[in-house]
Amino acid sequence: MKKIAAGLAVMLLAVTIFQPSDGYAKKTSVAEIDKQLKQLQKEVQDAKAQQEKAASQTQEAQHYKNKTNLNLQYVLQQVDQVKGKMTEISTKISDTEQSLNVTATELDKAEARVASREEVLGSRVRLMYTDGAVSYLDVLLSSTSFADFLDRADSLKMIVDQDQELLVQHKLDKQTVIEKKQELEGQYAQAKQLYTSLEQQRSLLKEKESEKQELIAFYDKQIQESDDLSEEQNEKLVKLASERSALETQKDKIKAEEAARRAAAAKAEAARRAAAAAKKAAAAASKGSSSSSYSSSETGYSGGDGPFLLPVGSARISSSYGPRTHPITGERGKVHTGVDFAVPQGTSIHAADSGTVIVAEWYSGYGYCVIIDHGGGVWTLYGHIRKGGIRVSSGDKVNRGDVIAESGSTGNSTGPHLHFEVRIDGKTVNPMPYL
């Protein structure tokens, strides 16, 4: 037994001598990786912020583009309406021009008729002027017979009626043609003026259409630039994720090596504790006493010389690590993942060793719970803390022996106690060799 104890002591001494310097180098490397990861996280946040900004710009540009498109459609409808009116006016102008041409022809004919009548009247006037003033009475009185008188009277009447008709028709033709020409010229001028107005309106609408097209092109450019920026940031995020994955892999490798060393040290310590416990058990058996055995669920625990401090001192252990009948469900063979210390409500709970708090909140069946990471993949868990009894927060650094909480009975618990676990790489182990 002495040789075994001496061998274990030498092994522990070697672990103690060589672990710090090697561990320090690894911690420095891990710290450097954490620094790089922190920088990567900042770059990821910046890239995401740029992506969100680009998405916002795209959304805004798309909104204004849609709005401009609606305005453009309205303008195009107006352009079509004006074009339709202009087509109608063009047709009207064409018809008016055709009517004016017809009227001009009619006017020419009327003027020809007027000229012809004026020539007949002029000839008659010249004849009367040449032959001298001959009255209608003289013509009648110079008749040779009554029949001649009647003939002469009829002829005179015909001449008078013809002259009368020529004069009336002359005035009527000339006046009608002039009025029609004036009316058509007015219609033509009005149509021309309306066409000019529509042409101006169409020009303004075309300018608006051009403005809208330019705006749409501008928003399209903005959308394209924002999409390019978003795609660029997306590629950057993928690259950062790859770098982060590589760093995490490197970090995990370093921590795994460190955990292996810690686990080896823990196993050596557990072997030493197991040997010491066996020696104690043998001594206690020879004396017939069972009060010093920590494996019993009803006896007191007098240990405390392991690598971890007792979190609540030498309190009675009400339930040991390993298979048991579940106190709530009654399930047989259910593995109890830690040890329960029977302590009153509000008992101070101390950190078993220095480390970083990674959980300080309600944790499923454990109720309010604290978990401390001691490095190398070694965790300790403190469960069923009373409500409001947690004294630390996630991320806090704690020292060995610091008060971290107060005992209670939250979660799946039948009464006030502390549930204490030791985990190696996330898996529970018997805490007793560590206490």
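**Close-up views of a predicted model**

Lys-255 is partly exposed, with a relative accessible area of 38%, where buried means under 20% relative accessible area, exposed over 50% and partly exposed in between, for a 1.4 Å probe and protein chains only. This is a predicted model, in which local features need pLDDT of at least 70, side-chain atom pairs count only at pLDDT 80 or more, and totals for chains, interfaces and linings use all residues. Residues are numbered from 1 along each chain as its sequence is written, and side-chain values use heavy atoms, with hydrogens and water left out.

**View 1. Lys-255 of helix H3 and Gly-377.** Lys-255 belongs to helix H3; helices (H or I, at least four residues) and strands (E, at least two) are DSSP runs, numbered from the N terminus. Although their positions lie 122 residues apart along the chain, the C-alpha atoms of Lys-255 and Gly-377 are separated by 7.5 Å.

**View 2. Val-177 of helix H3 and its contacts.** Helix H3 spans residues 146-287 and includes Val-177, which is buried at a relative accessible area of 10%. With neighbours within four places in sequence left aside, Val-177 is in contact (heavy atoms within 4.5 Å) with Thr-103, Glu-106, Leu-107 and Ala-110. The C-alpha atoms of Val-177 and Thr-103 are separated by 7.2 Å, the two residues being 74 residues apart along the chain.

**View 3. Thr-58 of helix H1 and its contacts.** Thr-58 is part of helix H1, residues 2-131, and is buried, its relative accessible area being 18%. Not counting residues up to four places away in sequence, Thr-58 touches Ile-223, Ser-226 and Asp-227. UniProt, in an unreviewed entry, places the feature "coiled-coil region" at residues 30-67 and 174-274; such annotations may be inferred rather than shown by experiment, and the positions are given in the numbering used here, with feature names shortened. Over residues 30-67 the chain is 100% helix and 0% strand, with the end C-alpha atoms 54 Å apart.

**View 4. The largest nonpolar core, of 28 residues.** A nonpolar core is a set of buried Ala, Val, Leu, Ile, Met, Phe, Trp, Tyr and Cys residues joined through side-chain atoms within 4.5 Å. Those touching the most other members are Phe-341, Ile-349, Val-370, Ile-372, Tyr-382, Ile-404 and Phe-420. At least two residues of this core come from each of strands E4 (339-342), E7 (368-373), E8 (378-385), E10 (403-406) and E11 (418-424), and E11 gives the most, with four residues. Apart from this core lies another, of 10 residues, among them Leu-37, Leu-237, Leu-247 and Ile-254.

**View 5. The largest cavity and its lining.** A search of the whole structure finds one cavity of 30 Å³ or more, a cavity being a set of points, on a 1 Å grid over the protein atoms alone, where a 1.4 Å probe fits but cannot get out, with lining residues having an atom within 4 Å of a point. The largest cavity holds about 30 Å³ of space, the volume being that filled by probe spheres set on the points, which are joined across faces, edges and corners. Its lining consists of Tyr-363, Ile-371, Trp-379, Leu-381 and Arg-423.

Key:
1 Å grid on protein atoms, 1.4 Å probe; cavity = no way out; pocket = protein on both sides within 12 Å on 5 of 7 lines; lining within 4 Å.
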